[in-house]
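Me: I would like to go through this structure with you, one topic at a time. Could we begin with the overall arrangement and then turn to the side chains?

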Amino acid sequence: GYSAAKAPAEPAELGAVVLSENSTAFTIPAPNPEETNSGLLGTFQLLPVIPASKLTAKKAATLHLLQFVMRQRCFDRLRTEEQLGYTASCSHLAIRSRTYSTSYLRVMVQSGNYSAAYLDSRA
């Protein structure tokens, strides 16, 4: 996070663009106008929101296996083959409460050479 000394004088203006019925892009300008880096955090919902009691051990294990397989493939493709940026990763995000559960796959790429829009088209 930002320390008080590093915080921008003005809060960054958040822009939202609805790309489709199921997709929205958010942009946050960098505090430094000369910043050349861009990034993408793509979040893909793997499971609908379901009652927590319906999340079986088999479903949970399948989701973790998917993330395990995707993590290396994501790095190999986005970082090594396409050389999109210096950071490329894939992770699993599970959101659970006592009553409901859902699961997401997140793809993150950070680049000094490509725009966020281009990174989105490749992820």
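**Sheet, helix and side chains**

Reply: In this predicted model, three strands make up an open sheet with the order 3-5-4, and their pairing is antiparallel.

Me: Which strands are at the edges?

Reply: Strand 3 (38–51) and strand 4 are the edge strands, each pairing on one side only. From one strand to the next, the twist averages 15 degrees.

Me: Over how many bridges do strand 3 and strand 5 pair?

Reply: Strand 3 and strand 5 pair over 11 bridges, in the antiparallel sense. One example is Gly42, whose bridge partner in strand 5 is Val107.

Me: And where does helix 1 lie?

Reply: Helix 1 lies across strand 3, strand 4 and strand 5. The helix runs at about 160 degrees to strand 4.

Me: Next, the interior. Which residues make up the largest nonpolar core?

Reply: That core has 10 residues in all: Leu40, Cys74, Leu78, Leu84, Ala88, Cys90, Leu105, Val107, Val109 and Leu119. At least two of the core residues come from each of helix 1, strand 4 and strand 5 (100–111).

Me: Which element supplies the largest share of this core?

Reply: Strand 5 does, with three residues. Val107, the bridge partner of Gly42, is itself one of the core residues.

Me: What is Leu84 in contact with, leaving aside neighbours within four places in sequence?

Reply: Leu84 is in contact with Leu78, Arg79, Val109, Ser111, Tyr114, Tyr118, Leu119 and Arg122. Among these contacts, Leu78, Val109 and Leu119 also belong to the largest nonpolar core, as does Leu84.

Me: Two tyrosines appear in that list. How many aromatic pairs does a search of the whole structure find?

Reply: The search finds one aromatic pair. Tyr114 and Tyr118 have ring centres 5.0 Å apart and planes at 25 degrees, so the pair is stacked.

Me: Are those two residues buried, or partly exposed?

Reply: Tyr114 is partly exposed, with a relative accessible area of 31%. Tyr118 is also partly exposed, at 36%.

Me: Changing topic to charged groups: how many salt bridges are there?

Reply: The count comes to three salt bridges. In one of them, the side chains of Arg73 and Glu81 meet at 3.3 Å, N to O. Glu81 also forms a salt bridge with Arg77, where the closest N and O atoms are 3.9 Å apart. Arg77 in turn forms a salt bridge with Glu82, with the closest N and O atoms 2.8 Å apart. Through shared partners, these salt bridges join Arg73, Arg77, Glu81 and Glu82 into one network.

Me: Where do Glu81 and Arg77 lie?

Reply: Both Glu81 and Arg77 lie in helix 1. They are four residues apart, which is about one turn of the helix.

Me: How exposed are the two arginines of that network?

Reply: Arg73 is partly exposed, with a relative accessible area of 40%. Arg77 is partly exposed as well, with a value of 34%.

Me: One last item, the backbone. What is the phi of Gln83?

Reply: Gln83 has a positive phi of about 50 degrees, although it is not a glycine. In general, most residues other than glycine have a negative phi.

Me: Where is Gln83 found, and is it buried or exposed?

Reply: Gln83 is found in the loop between helix 1 (57–81) and strand 4 (87–96). Gln83 is exposed, because its relative accessible area is 55% and the cut-off for exposed is over 50%.

Note on methods. Residues are numbered from 1 along each chain as its sequence is written. This is a predicted model: local features need pLDDT of at least 70, side-chain atom pairs count only at pLDDT 80 or more; totals for chains, interfaces and linings use all residues. Side-chain values use heavy atoms; hydrogens and water are left out. Buried means under 20% relative accessible area, exposed over 50%, partly exposed in between (1.4 Å probe, protein chains only). A nonpolar core is a set of buried Ala, Val, Leu, Ile, Met, Phe, Trp, Tyr and Cys residues joined through side-chain atoms within 4.5 Å. Contact means heavy atoms within 4.5 Å. A salt bridge is a side-chain nitrogen of Lys or Arg within 4 Å of a carboxyl oxygen of Asp or Glu. Rings of Phe, Tyr and Trp (its six-membered ring) pair if their centres lie within 6.5 Å; planes under 30 degrees apart count as stacked, over 60 as edge-to-face and the rest as tilted. Two strands pair if DSSP finds at least two bridges between them. Axes are lines fitted to C-alpha atoms, for helices over the stretch in contact, and angles run from 0 to 180 degrees between N-to-C directions.
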